[in-house]
Amino acid sequence: CMPANEPEYGATPPATFASREISAPEGRQLLWLAAFVIVLSGCLVALALAYLRGEEIESAERLTESFAQVIEEQTTRTLQSVDQSLQITAIRLAQMQTSGTLNEESARQLLRDQLQTMPFARVLWVTDAQGRLIHESGVGNLGADLSDTDYFKALQAAPQTQFLVNGPVKSRIDGFWLIPAARPLLDANGRFAGTIAASVNPMFFDRLWQSIDLGSGGSVSLLRTDAVLLARSPFHELSMGKNFETTPVFADLLPKQEVGLTHSVSVIDGVARLIAYRKLSTQPGLVVLVGQSFDHALQPWRRLAVLATGIWLVAAIGG
């Protein structure tokens, strides 16, 4: 009798698992498969990031356009305040003249009092029909000939103009930049009788616009529609009064529509920006340009891209 645990003579032994080496062709196939998976996953990551980048830019464009609308309204209200202040001052001067109380000192006091209500202005002055300075909020300039200034010549040629923003010019007195804002004065017969003007401080616009956070590299500019720069934030003195008619907004876009958006590299500081532009609603001769830098707009996307690329690289190397 054979032991119970002994296999019978000639019986097939039980099957056992045995390791076998992977052949060279199979190894190459696995390598190609792994490479294909890595490349495919990398392409998918790249496509997803490209899509998200486009979405981020579209979102930044909408935000820049919203900023431009707010800044246009701010700037419009400021210029309306300038115009209203000039109108009020002109009426009070006329009343004083009618009552016989208008003289050099009373006019100066009125202009100084009015200037206290105008945080955007530095000086107020009045000229006669020949351009001679007859009243001013300061001292020492009465009798000066301003007939050669652009704003005076423009109002003298077109006295029906209600309100004119000109300049910018550098003050002959203290060297500060100013934006002349003026109205014509008419006599009882509607003839040109002189001008009343205020020197608007460009730095006031800089402070006003900084209340809107455009992020690092953001900029705001106020220009005439003939492309002459009146004010900019951040302030850039070398660009004041220069003509930018060759830039895309003025060369191509603004002649076609009063509101728009473009991508461009600034000729002032070389920063690539999303630029939204709008003509001022009450001053169609002026336009604001609001720029948000691409670097700032794409910061969240870049952080995501670095994270996603890092995860993909770790997975690819680990695989």
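**A turn residue, its hairpin and the wider chain**

In this predicted model, Ala-227 is found in the loop between strands E7 and E8. The phi angle of Ala-227 is near 80 degrees, a positive value in a residue other than glycine. This deserves notice because most residues other than glycine have a negative phi. Ala-227 counts as buried, since its relative accessibility is 1% and the cut-off for a buried residue is under 20%.

The loop that holds Ala-227 is the turn of a hairpin, which E7 and E8 form with 4 residues between them. Strand E7, which covers residues 219-224, pairs with E8 in the antiparallel sense, and 4 bridges are found between the two strands. Within this pairing, Leu-223 stands opposite Leu-229 in E8. Strand E8 itself runs over residues 229-233, and 5 of its 5 residues are buried, so this strand is largely enclosed by the rest of the structure.

A further backbone feature is found at Ser-233, which is joined to Pro-234 by a cis peptide bond with an omega of about 0 degrees. Pro-234 is placed in the loop between E8 and helix H5, the latter covering residues 248-253. As background to this bond, most peptide bonds are trans.

A second hairpin is formed by strands E5 and E6, with 5 residues between them, and in its turn Gly-190 has a positive phi of about 80 degrees. The two strands run antiparallel and are joined by 8 bridges, with E6 covering residues 192-200. One of the facing pairs consists of Arg-183 and Ile-196, the latter in E6.

Strand E5 also pairs with two short strands that precede it in the numbering. Strand E3, made up of residues 164-165, pairs with E5 in the antiparallel sense over 2 bridges, and the bridge partner of Leu-164 in E5 is Ala-182. Strand E4, made up of residues 169-170, is likewise joined to E5 by 2 bridges and runs antiparallel to it, with Val-169 standing opposite Leu-178 in E5. Of the 10 residues of E5, which spans residues 177-186, 8 are buried, so E5 is largely enclosed by the rest of the structure. In reading such strands, it helps to recall that in a regular strand the side chains alternate between the two faces of the sheet.

Beyond the strands, several residues in and between the helices were examined. Leu-102 has its place in the loop between helix H1, which covers residues 24-99, and helix H2. With a relative accessibility of 24%, Leu-102 counts as partly exposed, because a residue must be under 20% to count as buried and over 50% to count as exposed. When residues up to four places away in sequence are not counted, Leu-102 touches Leu-93, Met-96, Gln-97, Ala-107 and His-135. The C-alpha atoms of Leu-102 and Ser-266, which are 164 residues apart along the chain, are separated by 50 Å.

Gln-109 is found in helix H2, which runs over residues 104-115, and it counts as partly exposed at 37% relative accessibility. Although Gln-109 and Ser-137 are 28 residues apart along the chain, their C-alpha atoms are separated by 7.2 Å. Asp-295, in contrast, lies in helix H6, covering residues 294-297, and counts as exposed because its relative accessibility is 52%. The C-alpha atoms of Asp-295 and Asn-243, which are 52 residues apart along the chain, are separated by 27 Å.

Taken as a whole, the chain contains 7 helices and 11 strands. Its radius of gyration is 36 Å, well over the 20 Å that the globule rule gives for 319 residues, so the chain is more spread out than a compact globule. Along the principal axes, the C-alpha atoms fill a box of roughly 150 × 35 × 30 Å. Of the 319 residues, 40% count as buried, and the accessible surface of the chain comes to about 18,400 Å², of which 57% belongs to carbon and sulfur atoms. Among contacts with a separation of 6 or more, 54% are accounted for by residues 24 or more positions apart. Finally, the chain carries 25 positive and 31 negative charges, and the mean positions of these two groups are 6 Å apart.

Conventions
Residues are numbered from 1 along each chain as its sequence is written. This is a predicted model: local features need pLDDT of at least 70, side-chain atom pairs count only at pLDDT 80 or more; totals for chains, interfaces and linings use all residues. Side-chain values use heavy atoms; hydrogens and water are left out. Buried means under 20% relative accessible area, exposed over 50%, partly exposed in between (1.4 Å probe, protein chains only). Two strands pair if DSSP finds at least two bridges between them. The radius of gyration is taken over C-alpha atoms; the globule rule is 2.2 Å times the number of residues to the power 0.38. Contact means heavy atoms within 4.5 Å. Accessible areas come from the Shrake-Rupley method with a 1.4 Å probe; for residues, only the protein chains shown count as cover. Lys and Arg count as positive and Asp and Glu as negative; His and the chain ends are not counted. The place of a charge is taken as NZ of Lys, CZ of Arg, CG of Asp or CD of Glu.
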